[in-house]
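Me: I would like a close look at a single part of the structure shown here, the site of the ligand, followed by whatever can be said with care about the residues elsewhere in the chain.

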Amino acid sequence: MIKVGIIGGSGYTGGELIRILLNHPQAEIDFVFSTTRAEKKLSSAHPDLLGLTDMQFTARVNPNIDVVFLCLGHGNSSKFLKENLFSDSTKIIDLSNDFRLKKDSIFEGKEFVYGLPELKKTEIEKADYIANPGCFATTIQLALLPLAKAGLLGQDVHINAVTGSTGAGVSPSATSHFSWRNNNVSWYKPFTHQHLGEINESLKSLQDDSGELFFMPNRGNFTRGILATAYTKFTGSEAKAIELYESFYADAPFTNVAEEPIHLKQVVNTNQCHVHLHKHDNILLITSATDNLLKGASGQAVQNMNLMFGFDETAGLKLKAGVF
Ligand SMILES: NC(=O)c1ccc[n+]([C@@H]2O[C@H](COP(=O)([O-])OP(=O)(O)OC[C@H]3O[C@@H](n4cnc5c(N)ncnc54)[C@H](OP(=O)(O)O)[C@@H]3O)[C@@H](O)[C@H]2O)c1
């Protein structure tokens with residue numbers, strides 16, 4: 001069993017990591033660090049853990065663990081690593097955007113690999129430090145990577161995606177207040193969302209002249225999940241597109257090409273990404289769906305851990321969707 005530490009364990013992604021790792025066959029949680037809840041039970045922040053563990057949060061970090069997950073807001077991961085030293089053999093998986101872009105990927109001599117297994121499995125297997133992708137970024141890249149790989153993403157791409165309220169973290173805000181969010185939908189950060197940087201870097205790594213992305217993010221009145229639609233000009237047939245995607249994802253245990261149109265409940269509470277293709281005139285419509293806290297965050301982080309330690313890629317991640 002490898003020993004795992006979690007920093008920021010009272011937040012949403014930290015909580016999901018605890019839930020997954022309590023049931024992981026080859027990993028055990030050594031400590032869960034919290035700045036505000038030391039000595040309190042994990043179930044004080046995550047009441048669903050009552051009866052599953054008596055473990056407490058701690059304000060002490062064990063520097064000699066096998067892997068540490070950083071579940072902190074942007075800017076806090078690099079600050080935390082400056083203030084807390086880990087042993088040379090400790091692997092680090094960071095869920096923030098501190099190290100995702102190439103320009104930020106080397107930090108105090110550590111080289112962070114962008115942790116999207118569908119794009120970089122071989123590099124992840126050899127990596128000691130991982131920058132886990134963003135939730136919108138994961139969902140949108142999985143919708144577009146096969147086209148870029150085939151050099152067929154030369155035209156503008158229009159993307160619309162809607163996310164649940166957990167995407168914004170555990171701290172209440174005006175736009176996660178029940179009275180505002182319930183029965184409501186709105187857009188935010190039109191064409192400027194911060195995940196565009198990492199999406200573009202990945203697409204350009206496969207197709208240098210890939211088209212411009214026009215991304216409209218939306219807030220939905222549900223708690224978890226992302227449904228994204230992307231469309232672009234495509235001259236081939238729908239069957240050709242399906243063949244391209246099935247071949248690209250042949251070795252990806254969590255990304256599936258769906259024959260029928262997809263919906264969010266198929267993937268919520270799982271580490272799956274479903275992708276569907278539909279051709280209309282000369283337009284290809286790609287729909288993709290993930291759970292923002294699992295394939296979009298903590299599930300993918302554990303998938304990366306599995307690859308880094310040579311475990312079965314799906315270990316601890318055979319989860320059940322809440323379809324009804
Ligand atoms: N939510 C998502 O869907 C999602 C998806 C992909 C990626 N991410 C990224 O993952 C990271 C965590 O997201 P989240 O949604 O889990 O956030 P969150 O719910 O706000 O939790 C973050 C936790 O970090 C701890 N914290 C706050 N300031 C800190 C500091 N200065 N030093 C150490 N710990 C501090 C807090 O826990 P304590 O009070 O217990 O210390 C807090 O509960 C973010 O960078 C986010 O962008 C989130």
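Which ligand atom does a polar side-chain atom of H74 lie close to, and how many Å apart are the two?

Reply: The model is a predicted one, and the values that follow are computed from it. A polar atom in the side chain of H74 lies 3.0 Å from an oxygen atom of the ligand. Two other distances of this kind can be placed beside it. In the side chain of T36, an N or O atom is 2.7 Å from an oxygen atom of the ligand, whereas G11 takes part through its backbone, with an N or O atom lying 3.3 Å from a ligand oxygen atom. On its own the ligand has 900 Å² of accessible area, and the protein covers 82% of this.

The surroundings of the ligand can be described at the level of residues and of helices. The ligand is surrounded by 24 residues, and the closest of these are S10, S34, T35, T36 and L72; T36 is thus named here and also supplies the side-chain distance of 2.7 Å given above. Two helices, α1 (12-21) and α9 (294-308), each contribute at least two residues to the shell around the ligand. As for the space itself, what the ligand takes up is the largest pocket.

From the site one can turn to R224, which is placed in the loop between β10 (213-219) and β11 (226-233). Its relative accessibility is 16%, and R224 therefore counts as buried, the limit being under 20%. The side chain of R224 makes a polar contact of 2.8 Å with the side chain of E16, and a further polar contact, again given as 2.8 Å, joins the side chain of R224 to that of D291.

The cysteines call for a separate reading. A search of the whole structure finds zero disulfides. For C71, the closest cysteine sulfur is that of C135, and because the two sulfurs are 13 Å apart, they are too far from each other for a bond; the cut-off for a disulfide is 2.5 Å between the sulfur atoms. C273 is likewise in no disulfide, and its nearest cysteine sulfur, that of C135, is 13 Å away. Both C71 and C273 are buried, C71 with a relative accessible area of 12% and C273 at 0% relative accessibility.

C273 also leads to A143, a residue of helix α5 (residues 135-149). The two are 130 residues apart in sequence, yet their C-alpha atoms are 9.3 Å apart in space. A143 counts as buried, at 3% relative accessibility.

Other pairs of positions can be read in the same manner, with sequence separation set against distance in space. Y114, in strand β6 (residues 110-114), is 18 residues along the chain from N132, and the C-alpha atoms of the two are separated by 6.3 Å; Y114 is buried at 7% relative accessibility. I199, which lies in helix α7 (residues 196-206) and is buried with a relative accessible area of 0%, is 104 residues from L95 in sequence and 16 Å from L95 in space, C-alpha to C-alpha. G310, by contrast, is exposed, with a relative accessible area of 66%, and is found in the segment after α9. Between the C-alpha atoms of G310 and I226, which are 84 residues apart along the chain, the separation is 29 Å.

The loop between β9 (186-187) and α7 deserves a note on backbone angles, and K189 is found in it. Most residues other than glycine have a negative phi. K189 is not a glycine, and its phi is nonetheless positive, at about 45 degrees; the residue is partly exposed, with a relative accessible area of 38%. F191, which is found in the loop between β9 and α7, is also not a glycine and has a positive phi of about 65 degrees. At 47% relative accessibility, F191 counts as partly exposed.

Terms used: Residues are numbered from 1 along each chain as its sequence is written. This is a predicted model: local features need pLDDT of at least 70, side-chain atom pairs count only at pLDDT 80 or more; totals for chains, interfaces and linings use all residues. Side-chain values use heavy atoms; hydrogens and water are left out. Buried means under 20% relative accessible area, exposed over 50%, partly exposed in between (1.4 Å probe, protein chains only). A residue is near a molecule or strand if one of its heavy atoms lies within 4 Å of it. A polar contact is a pair of N or O atoms within 3.5 Å; within protein, one must be able to donate a hydrogen and the other to accept it, and residues adjacent in sequence count only if both atoms are side-chain atoms. Accessible areas come from the Shrake-Rupley method with a 1.4 Å probe; for residues, only the protein chains shown count as cover. On a 1 Å grid over the protein atoms alone, a cavity is a set of points where a 1.4 Å probe fits but cannot get out, and a pocket is an open set with protein on both sides within 12 Å along at least five of seven lines; lining residues have an atom within 4 Å of a point. A molecule sits in a cavity or pocket if more than half of its atoms lie within 2 Å of its grid points. Helices (H or I, at least four residues) and strands (E, at least two) are DSSP runs, numbered from the N terminus.
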